[in-house]
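Reader: Could you take me on a close look at one part of this molecule, the sheet and whatever packs around it? I would like one connected account that I can follow with the structure open beside me.

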Amino acid sequence: MRDPVRPRAPRLLALAWGISLLVGGCAASAPPRSHGGAVPTDHPRVALLPFENLSGREEQGRFFTQAFLATLVGTDAVEVVDLGEVEATIEALRIRATGAPSRDQLAALGESLQVRYVLLGSVLEAGTIRTYDGDIPSAGASLRMVDVTNARIVWARAHVVTGDDRETVFGWGRERSAERLLTKLADDMLRPFRAAGDAWRKRAATKVEAR
C-alpha cells in the first residue's frame, strides 16, 4: 500500500519543531540552529533510547532506532549499550516519553545503565513527496546527546533528506527506496561521530606505538 503523500510544508514545520527540541536546554535568547556542540572523543559508554515517533506513521520509531543504532555502532566513537537492555531499563523505570525524559529519569538511566550520555531521537518526517516524475521518499529526524549528570545537551542535530537531494539531469541520482534514504539520513547525521571514532582510533594506535 502506498504511503500517504506528505507535502513539503508539514515537513518544514516538523523540522522547525525538531530544532526547537534541540535547543530546549539553551538560553531563550539563543538563535535556533540545526546542529551544534561536539561529540566527546574519549570513547564513552552511551545508550540510544528508542526514537520518539512524531511522523504520524506507525512503526517509524522502531525503523529509525534500528537504522541509527547500526550506524552509531559502526562509527567506533562510543561504546553502545545493547538495545534490549535499554528497553528493559526504560520499562523498569516507567519512562514513557523517550524523546524528552526528565532530569531525574536521565539520572536514573545513567545509574542503571552505567552511562555518562544518552542519545535522544525523534522521528520528524517519514513519508513521500509528490513530484513530476512520481513519488519519492522523505525522512527527517532530530537527535541530541545529553549528559545524564547535569541534563545538558553536548551535541545535537536536526536534518531532513528527500529522494531528490542528489538528483542530476533526467532524474538520475534519485533515491526511491525509503530504507536506503533512512540509512543515508543516519549516515549524514552521525558524521561527527565517525570523525570522533577516527580520532579515538588514532590516539589508541599512537599509544600502542609508544609502548
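**A close look at β5 and its surroundings**

Author: Let's start at one spot in the sheet: N53 stands opposite V123 in β5. Please keep in mind that this is a predicted model. N53 belongs to strand β3 (residues 52-53), which pairs with β5 in the parallel sense over two bridges. V123 also has a partner in β6, where A141 stands opposite. So what else pairs with β5, and in which sense? Strand β2 runs parallel to β5 and is joined to it by three bridges, with L48 opposite L119 as one place to look. With β6 the sense is antiparallel, and that pairing extends over 14 bridges.

β5 and β6 form a hairpin, and two residues lie between the strands. Besides V123 and A141, you can find L120 of β5 opposite R144 in β6. Moving on from β6, we come to β7, which pairs with β6 in the antiparallel sense over 10 bridges. Here M145 has W155 of β7 as its bridge partner. β6 and β7 also make a hairpin, this one with four residues between the strands. In its turn sits A151, whose phi is positive at about 65°.

Are these strands covered or open? β5 is mostly covered, with 14 of its 15 residues buried. For β6 the count is 12 buried residues out of 14, so this strand is largely enclosed by the rest of the structure.

Next, the side chains that do the covering. The largest nonpolar core has 30 residues, and the ones that touch the most other members are F64, F68, L143, L185 and F193. Two or more residues of this core come from each of β2 (45-48), α2 (60-75), β5 (117-131), β6 (134-147), β7 (152-162), α5 (178-189) and α6 (191-210). A second core, separate from that one, holds 14 residues, among them V86, V118, L120 and V148. As background, nonpolar side chains tend to be buried together in soluble globular proteins.

F64 is a good residue to click on. Once neighbours within four places in sequence are set aside, its contacts are F51, V123, E125, A126, A139, G140, A141, L182 and L185. Two names in that list, V123 and A141, are the residues that stand opposite each other across β5 and β6. Another, L185, is one of the core members that touch the most others.

Now turn to helix α4 (residues 103-113), where L106, L109, G110 and L113 are buried. Why do these four belong together? They cover an arc of only 100° around the axis, which puts them on the same side of α4. That fits a general rule: an α-helix has 3.6 residues a turn, so residues three or four places apart point the same way. And what do the buried residues of α4 pack against? Their packing partners are β2, α3 (83-93), β5 and β6, which brings us back to the sheet. On the face turned away from the buried side, α4 carries the exposed residues D104 and E111. After the helix comes Q114, with a positive phi near 55°.

To place all this in the whole chain, there are six helices and seven strands, in the order α-β-β-β-α-β-α-α-β-β-β-α-α from the N terminus. Of the 211 residues, 46% count as buried. Among contacts with a separation of 6 or more, 71% link residues 24 or more positions apart. The chain exposes about 11,300 Å², and carbon and sulfur atoms supply 53% of that area.

Finally, a word on confidence. The average pLDDT of the chain is 83, and 78% of the residues score at least 70. Residues 1-14 stay under 50, and the model gives this stretch 22 contacts beyond four places in sequence. Over residues 19-34 the pLDDT is also below 50, and there the model has 23 contacts beyond near neighbours in sequence.

Technical notes. Residues numbered from 1 in each chain as written. Predicted model: local features only at pLDDT ≥ 70, side-chain atom pairs only at ≥ 80, totals over all residues. Heavy atoms only, no water. Core = buried A, V, L, I, M, F, W, Y, C linked by side-chain atoms within 4.5 Å. Buried < 20%, exposed > 50% of the residue type's maximum accessible area, 1.4 Å probe, protein only. Contact = heavy atoms within 4.5 Å. Pairing = 2+ DSSP bridges. Arc of directions from axis to C-beta. pLDDT = per-residue confidence, 0-100. Areas by Shrake-Rupley, 256 points an atom, 1.4 Å probe, with all protein chains shown as cover.
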